[in-house]
Amino acid sequence: VSEMSYHIRLQQFEGPLDLLLHLIEKAKIDIQEIFVSEITEQYLKYLRQMEELDMEVASEFILIAATLVEIKSRSLLPKRKKEMDINLTDEMEDPEEKFIQHLLEYKKYKEASEKFRQRENVFSKVYFKLPEEVLEDDHPVVLTGLTKDCLLAAFEKVLSRKKISMEVPEPRQIHRDTFTTQNKIEQIKRALDLRKCIVFQELFKEDTTRIEVIVSFIALLELLKQNYVRVVQKDLFGDIYIMKKDEYPCHLGLQGS
Amino acid sequence: LNEKEIMAIIEAVLFVSGDPISLDDLAEVLEITDLELRCIVDKMINLYKYERRGIQIVQFEDKIQFCTHPEYGDYIQRLLHPVQKQSLSQAAMETLAIIAYRQPITRPEIEAIRGVKCDYTISLLLERGLIKAEGRKDGPGRPILYVTTEEFLKHFGISSIDELPELEEMDDDR
């Protein structure tokens, strides 16, 4: 069986009990016979397959596996039930019987949920009408049965509605970029062809925009990445000196970056 | 007022209201007894059914409301393209079934029955308004108790929680 089909099969189980019911159904046995059948082995085999496929086996599945193995191993021990019966109280219920009861109870609700599903299918085709707006202006509004949760739910509804309306994009103009990284790179290269060393601030005028400074900086980073330039900064927030990779700024008294 | 007139009034009121109308309020306005009203409402419900009308009267707890008959839903979808109601996941359906039959019930109690964690499923059901928190259970941690809502009844077309589909019987003497 391919890996894919296990994935699909695993997803249809809502938990370990669901898996157990599936195995019982497949083996065509009664739930009461679960511990005299091969179900425990099949269940463990299934978990192993999940592990082989490197899927995370939820702790709930392992818990049920442990319970199954425990009950099964007790049944292998010599029975002392007759003597024990006298001392058996309600709290010391037979674990096997307890487990079967649990499984039966789960099955009961699982089957009920199938009935709910059928009803849901039918009633998804039923439509209700919104109320007419008949409230008079001077009619006092009396609110009853309201809780803080109702208020919160109403507020969240308003918020989510607002979010939807805000998502409608309004037409707006997008301006062509005035400064591009490519142009700035060329500008830096040209400057370095003329002079051995330039200062970062020289790349733009003093009254420039923030965007030009940012684009210049990105261009500088790009040149660094291309290994075209070396960069030296003497102190924190100090001037950034830019030079070609193989230039050494001896006159600045600087060591390499 | 004769019975026919009362039926006509109820019909008109249900049309305008859209929302469920309480039987108590109706009886008061119509100046008839609760029993008389229930009798007439039952007759109306059966009449709509018998004539296979497109509109039916549904009863939720002690309220009545107009809605369409499911048989004609396909035509409504074809002509009006309403938003499809989202159906519940299997996990949500199981959890909801347990809450419906065992309410009021706490999260640990639900988890004990299902054998898996249910916090996400419960928050989903709360969000969809199918269940609500109602009080806390006495005992360690005072866990929240959950019950089903009117929206739950509407979602499944159930008139009251006493009218839930019967559970498959088992020896349950606890």
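**A buried lysine, an interface and a set of salt bridges**

In this predicted model, the side chain of A:Lys184 reaches the backbone oxygen of A:Leu203 at 2.9 Å. A second polar contact, also at 2.9 Å, links the side chain of A:Lys184 with the side chain of A:Gln187. A:Lys184 sits in helix α8 of chain A, which covers residues 181–194, and with a relative accessible area of 4% A:Lys184 is buried, because the cut-off for that class is under 20%. Leaving aside residues up to four places away in sequence, the residues that A:Lys184 touches are A:Phe179, A:Leu203, A:Glu212, A:Val215, A:Ser216 and A:Ala219. A:Phe204 lies 20 residues from A:Lys184 along the chain, and the C-alpha atoms of these two residues are separated by 9.7 Å.

The chain around this lysine has nine helices and three strands, and chain A runs along its sequence in the pattern α-α-α-α-α-α-α-α-β-α-β-β. Of the 257 residues in chain A, 30% are buried, while the area that chain A exposes is about 19,200 Å², with 55% of it supplied by carbon and sulfur atoms. Among contacts in chain A with a separation of 6 or more, 57% come from residues 24 or more positions apart.

We turn next to the partner chain. The size of an interface is often given as the accessible area lost when the parts come together. Between chain A and chain B the buried area is about 4,100 Å², and carbon and sulfur atoms give 58% of that area. A:Tyr109, A:Phe116 and A:Tyr127 supply 21% of the area that chain A buries against chain B, more than any other three residues. In terms of residues, the contact takes 33 from chain A and 55 from chain B.

Polar contact between chain A and chain B involves 18 residue pairs, with both residues at pLDDT 80 or more. On the side of chain A that touches chain B, α2 (16–27) and α6 (95–123) each supply at least two residues, and α6(A) gives the most, with 18 residues. By class, that side of chain A has 15 nonpolar, five polar and 13 charged residues. Two salt bridges are counted between chain A and chain B, and the side chains of A:Lys125 and B:Asp74 meet in a salt bridge at 3.9 Å, N to O.

Over all chains the structure holds 22 salt bridges. Within chain B, the side chains of B:Lys43 and B:Glu3 meet at 3.0 Å, N to O, in a salt bridge; B:Lys43 lies in helix α3 (residues 34–50) and B:Glu3 in helix α1 (residues 3–17), so this pair ties together parts of chain B that are 40 residues apart in sequence. Both ends are partly exposed, B:Lys43 with a relative accessible area of 43% and B:Glu3 with 34%. B:Arg114 and B:Glu94 also form a salt bridge through their side chains (3.1 Å, N to O), and because B:Arg114 lies in helix α6 (residues 107–114) of chain B and B:Glu94 in helix α5 (residues 90–102) of chain B, the pair ties together parts that are 20 residues apart in sequence. Here both B:Arg114 and B:Glu94 are buried. In chain A, salt bridges that share partners join A:Asp18, A:Lys110 and A:Glu114 into one network.

Methods: Residues are numbered from 1 along each chain as its sequence is written. Chains are lettered from A and ligands numbered from 1 in the order in which they are written. This is a predicted model: local features need pLDDT of at least 70, side-chain atom pairs count only at pLDDT 80 or more; totals for chains, interfaces and linings use all residues. Side-chain values use heavy atoms; hydrogens and water are left out. Contact means heavy atoms within 4.5 Å. Buried area is the accessible area (1.4 Å probe) that two parts lose on being put together, summed over both. A salt bridge is a side-chain nitrogen of Lys or Arg within 4 Å of a carboxyl oxygen of Asp or Glu. A polar contact is a pair of N or O atoms within 3.5 Å; within protein, one must be able to donate a hydrogen and the other to accept it, and residues adjacent in sequence count only if both atoms are side-chain atoms. Helices (H or I, at least four residues) and strands (E, at least two) are DSSP runs, numbered from the N terminus. Ala, Val, Leu, Ile, Met, Phe, Trp, Tyr, Cys and Pro count as nonpolar, Asp, Glu, Lys and Arg as charged, and the others, Gly among them, as polar. Buried means under 20% relative accessible area, exposed over 50%, partly exposed in between (1.4 Å probe, protein chains only). Accessible areas come from the Shrake-Rupley method with a 1.4 Å probe; for residues, only the protein chains shown count as cover.
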